[in-house]
Each structure stands twice: as C-alpha cells, then as structure tokens.
Amino acid sequence: MTQNRRARLRIIIAAAAATALILLTQVGPAWAVRSPFGIATPETTGPAFTGPLGGFFAWVALYQAEFYKALTQALGGIKHSGHAFALLAGVSFLYGIFHAVGPGHGKTVITSYLLVSRQTVKRGIVITFAAALMQGLMAIGVVLIAAAILNVTAVQMTHATDWFEIISYVLVTAVGAWLLWVKTIGRRLHRHAHAPAAHCDHDHAGHALVPDARLLSKPLTVSRAWAATLAVGIRPCSGAIIVLVFALSQKLLVAGIGSVLAMSLGTFITVSTLAILAVSAKDVALRFAGLDSVWAERIMHVVEIGGALLVLLLGLTLLGGALDGGLPT
Amino acid sequence: MLDLLRSSWRIGLAAVMAVGVSAEAGAHPHVFVKARAEILFDGRGRMTDVRNVWTFDPAFSAFATQGLDSNHDGRLSAEELAPLAKTNVNSLKVYAFFTFLTVGKQQIKFKFPDQYFLRRHDGRLTLFYQLPLANPIAPGAYTRLEIFDPEYFVAFTFAKQDPIILYQAPRGCAAQYKPPHPLDAGIMAKLAAVPVSQHDLPRALRDAAVGLAHVFTVTCLQ
C-alpha cells in the first residue's frame, strides 16, 4: 500500500470513527418518565419509534406487547393446566429476549463499558449474565419483602423502585466518570509514572494496546465491573414486578419467580449477543483497517474517550431527568 | 483503491452496528386498557365533558390493588380505592390524560377531572373519570377525539360495540370510530421508506402513522 493511500485511509477511518461517535451521542437521548397512573414507572425511554430504526423498534414493541400479554395469560392459566408451566417459562424467555432489544439504558452502559475498558468477549458474557440475573433477583427481592412480607401498596413499591433507579443513574454517572478518568488524566499519570521518557513513543504504542487490567490493579478492575453490573442490574423492571405481584395475588408466587428467572435468561441472551457483536466489531474493524498500531491506538483512544463521555452524559441526563420532578418520597 | 473501499465499508458496518447496539427506542405496554369514551352535552348542544372509562388487565389490576385491602375483608371498598384513584388522575395530568380533542382546527383544553373513582369487578379495576372542557363548545362540522399513549406504555383497545357514547347530543349528531392501523408489513415498509429528514412529523400524525391512535370523529348535521 502506498504512503498516499494510507494517509487517505486514515482520514476516512478517523472520519468514520468520529461519525460513529456523533451518532452514538445522538441516538443516546433517554429520559426518565413518570408513570401515567402513578404506579409502575415505565423504563426510561427515547423518542417513540423515530429515527432510522423506528420501524424495527415498533415491530419489537409489538412483539413485546404480545409476549407480555401471553405471559400474564399463561400465569393465569397455571391453575387449570399443568402444561401451562412450560408455556409460561417459554413465553417469559421470549419476552426477556424482546424486552432487552427495546428500551433501557442498560445496553448502552454495558457495551460502552466493555468497549472502553477493553474487556474480552468472555468477560463481557460474564458481566451481562451477572447484570441480567441481578435484575431478576432484585424484582424477586422487592416483591418478596415489600408485597409478600410487608404488604405495602403499589404506590410505596413504585417509590422503592424509583429509588433504585436513582441509585442506578448515580452508578452510571460514576462508571462514566471513572472511564473518562482512566482514558484521560489517569492514563497520563500512569504513563509518567512507568514509562521512561526516552522510550515514550515506543512504549506508548505497544503498551496502551494492553488491556486496562495492567493500568489498574486487578481487584480494582473487578470492582468497577461490579459497579457497571450494579448500575444496570439494580433497577428491577416494572414488567417483572407486575408479574410477580400478580402471581402473588393468585397464590402462584413460585410460578412468578420461575417466570422472572426465565425473563432474565432471555435478557441475557439479547444483551450478551449485542455485547459480543460490539466487542468483535471493534476487533474486526481494527484488524481489517490494516493500520499500524500507533494509528489504530490513536483512533481507538479517541473512540474510547467518546464512549466514556457517552456513559457519563447518559448518567447525568438520566439522573437529571429522574430528579426533575423532585425525589421520590 | 479496492483496499480503501473495502476497509471503509467495514468501518461503516462497524459504525452502524455500534449505533444499532446503543439505540434506544420506545417503550412497550405494561398496562392494557379496555376503554370506552363518552362525550357529555349540555342543553344548548355544546360538549361539556369527556368521560373516560378504562378497565385494566388482571395483572396490572392485581399490582395496583396490592396492599389496599386495609381491613382484610377480601373486598375493596370505594374508600380503600379512593387514594389510588387520586394518584391515577394526578399522574395522568402530565400525559394530558392521553385524551386529545380538536374542534375544527382548534385544540380544546380540559380542566382537571372533577369526578373520578375506581371500582373492582371480577379481578379487574376500572377507572372512571370526567374531563370538563375549559370552554364548552358545539362539535360543528368536524370534531376529532383521539385517545392514545404516544409512549406506548399503555395499550388501549376499544370495544367493537359502543366504543363511544354521546350523552344528550342534539339530533343529527353521530360519532364514528376509526381503530388504529394494525402494525402490518405494509406500514413497516412505509415507515422504513420515510426519509430520515421527515421524522419530525407532527406528533399526532407520527403516532397515527405507527398506528397507536384511536380516532373518533363527531359530526352534527344542522
């Protein structure tokens, strides 16, 4: 490849990366919404069915609605038929798959976290599994304690989950801020501390491609992974809570718990697929761009700073939106 | 040159995937409402109130009534349900009650509901509430009542029989119900064909396009 061609290639790739970033921040807008009935706060949502993928999301929403309806009907049918249990598990699983394609900041946070902190596909799968399972367990925990033991009202339960939502947004903001720190100031501090000045250029290129596990001590990275997992998993989804309370009212709590766990499994399938796609897409793009490591590293670095900013801004936007109408009381 | 094309194509694909991965879109319903709309008229042929009768699905009804049976008699009295009814209408205000009334080209304003209550029957909750028009007005040649949730958290359906009732309407007044378009392949294709620059459609039109609005037209012949 000639020198000239390479230069043009770099410009195109840099432009593509910049475009991707701008698009990422444009597609990102999400805001907290209040429940129209004062109970069961909807998941945060972006504009309804607009944008280039609007048709696709309308289609997803349609199927979610169908599966959700089928799910609640299957739960109601368990009393009359033994087969209904398998039906319930299947429909819950499908609902989880479609639900995770729909709204929610979870996917953005998880994929950005995985990309920016340069996690492997394997760790990506572990983290998405932990987040999906945690979200299900949170719903089960809330309903067991609040409804089954304390017998509080839907309004009080909604307040509790609104608080979890705020904690989730604080964590998203914290994860974003941490990623930004690591990719900017923290990175420089680290380099000054460890790289001898004479070998700075060489060291920079080779070294920075090593995952951040080297940048920070391992336990700390694990704890940040937990922060990202918590940020996504701490807020139980309204659908799961409604299904569990409905199950409880029908004296079918065990079936409800099974349904929610199947939902979590479905969510895991979707989010981990997206995470694997995102991590592999980055690797493939870098490999096929055929860039030398210095350029690849520079572009990656810019993209990562953008990703960190995206998470930080998303956290702040969501937090601002959630606190806009005052704290839940 | 071929190399160049190949790598930019790949980068482009990666960018599209990245965007797809992070895209956020509309919600999906956790509340299914079987609705009926009623328009109340005064003696001078003017519309004074819109009354909504909304029956919730069993799952949401169970959730909504959790912990409300304070005297544990297994029934929910009007008193036990009253605070929830109040929470419902207070919360619906932000969403303009999902109820949009247009006379000619004029968007009609509503006052806060003066009457509202909940009843439970057969495991389902029904919310009744009445929206007074800020200024009563005759339907004239063209009145349009739309009921829908643009965020699609609430999925409305209307009964085939009597989806709307006109109370004490003058002779010659009639209402017609147009259900939302089913989200079929044709609509999906049309949506996909709309250029990105045109996505700033007026809200009502946009939502009608995705088939969420229930539209009633009221006409009064003189």
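**Entry 1: the five-stranded sheet of chain B**

I began with the open sheet of chain B, in which five strands are arranged in the order E4-E3-E7-E11-E10 with antiparallel pairing. At its edges I found strand E4 (106–107) and strand E10 (173–178) of chain B, each of which has a single partner strand, so one side of each is left without a neighbour in the sheet. I note here that I am reading a predicted model, and that everything below is to be taken in that light.

I then followed the edge strand E10(B) to its partner, strand E11 (residues 214–220) of chain B, and counted six bridges between the two, in the antiparallel sense. Within this pairing, Lys178(B) is placed opposite Val215(B) of E11(B).

For strand E3 (residues 99–103) of chain B, I looked up Leu101(B), which is located in that strand, and which is buried with a relative accessible area of 0%. I also checked its separation from Leu133(B), 32 residues away along the chain, and the C-alpha atoms of the two are 9.3 Å apart.

**Entry 2: the disulfide**

Which cysteines form a disulfide? I found Cys173(B) and Cys220(B), whose sulfur atoms are 1.9 Å apart, and the count over all chains comes to one disulfide. Cys173(B) belongs to strand E10 of chain B and Cys220(B) to strand E11 of chain B, so the disulfide ties together parts that are 47 residues apart in sequence. The torsion about the S-S bond is about 110 degrees, so I recorded the disulfide of Cys173(B) and Cys220(B) as right-handed.

I next asked whether each of the two cysteines is buried or exposed, with under 20% relative accessible area as the cut-off for buried. Cys173(B) counts as buried at 16% relative accessibility, and Cys220(B) counts as buried at 13%. In chain A, Cys237(A) is likewise counted as buried, at 8% relative accessibility.

**Entry 3: strand E2 of chain B and its neighbours**

I turned to strand E2 (residues 47–56) of chain B, where eight of the 10 residues are buried, so the strand is largely enclosed by the rest of the structure. Strand E1 (residues 31–41) of chain B runs antiparallel to E2(B) and is joined to it by nine bridges; across this pairing, Ala35(B) stands opposite Trp54(B). The two strands form a hairpin with five residues between them, and in the turn I noted a positive phi of about 80 degrees at Gly45(B).

E2(B) also pairs with strand E6 (residues 124–137) of chain B, over eight bridges in the antiparallel sense, and there Met47(B) has Ile137(B) as its bridge partner.

Side chains of the hairpin were my next item. Glu38(B) meets Arg36(B) in a salt bridge (2.7 Å, N to O), and it meets Arg51(B) in a salt bridge as well (2.9 Å, N to O). Arg51(B) lies in strand E2 and Glu38(B) in strand E1 of chain B, so this pair ties together parts that are 13 residues apart in sequence. Glu38(B) is buried, with a relative accessible area of 2%, whereas Arg36(B) is partly exposed at 30% and Arg51(B) is partly exposed at 24%.

**Entry 4: a long-range salt bridge in chain A**

Over all chains I have seven salt bridges, and among them is the pair Glu304(A) and Arg118(A) (2.5 Å, N to O). This pair links distant parts of the chain, 186 residues apart, with Glu304(A) in helix H12 (residues 293–324) and Arg118(A) in the loop between helix H4 (106–116) and H5 of chain A. Glu304(A) is buried with a relative accessible area of 2%, and Arg118(A) is buried with 10%.

**Entry 5: helix H10 and a surface patch of chain A**

How many of the 12 residues of H10(A) are buried? I found 10, so the helix is largely enclosed by the rest of the structure; the buried residues include Ile241(A), Leu244(A) and Phe246(A). I checked the length of helix H10 (residues 238–249) too, and its end C-alpha atoms are 16 Å apart, which agrees with the 16 Å expected at 1.5 Å a residue. Just after H10(A), Lys251(A) takes a positive phi of about 60 degrees.

On the surface, I looked up a nonpolar patch of about 400 Å², made by Phe129(A), Leu133(A), Leu137(A), Leu261(A) and Leu265(A). Helix H5 (121–149) and helix H11 (253–289) of chain A each supply at least two of its residues, and H5(A) gives the most, with three. Phe129(A) is found in helix H5 of chain A and is partly exposed, with a relative accessible area of 38%.

Definitions and conventions. Residues are numbered from 1 along each chain as its sequence is written. Chains are lettered from A and ligands numbered from 1 in the order in which they are written. This is a predicted model: local features need pLDDT of at least 70, side-chain atom pairs count only at pLDDT 80 or more; totals for chains, interfaces and linings use all residues. Side-chain values use heavy atoms; hydrogens and water are left out. Buried means under 20% relative accessible area, exposed over 50%, partly exposed in between (1.4 Å probe, protein chains only). Helices (H or I, at least four residues) and strands (E, at least two) are DSSP runs, numbered from the N terminus. Two strands pair if DSSP finds at least two bridges between them. A disulfide is a pair of cysteine sulfur atoms within 2.5 Å. The expected span of a helix is 1.5 Å times one less than its number of residues. Patches are made of residues with over 30% relative accessible area and no salt bridge: like charges are joined within 9 Å, nonpolar side chains (Val, Leu, Ile, Met, Phe, Trp, Tyr) within 5 Å. Accessible areas come from the Shrake-Rupley method with a 1.4 Å probe; for residues, only the protein chains shown count as cover. A salt bridge is a side-chain nitrogen of Lys or Arg within 4 Å of a carboxyl oxygen of Asp or Glu.
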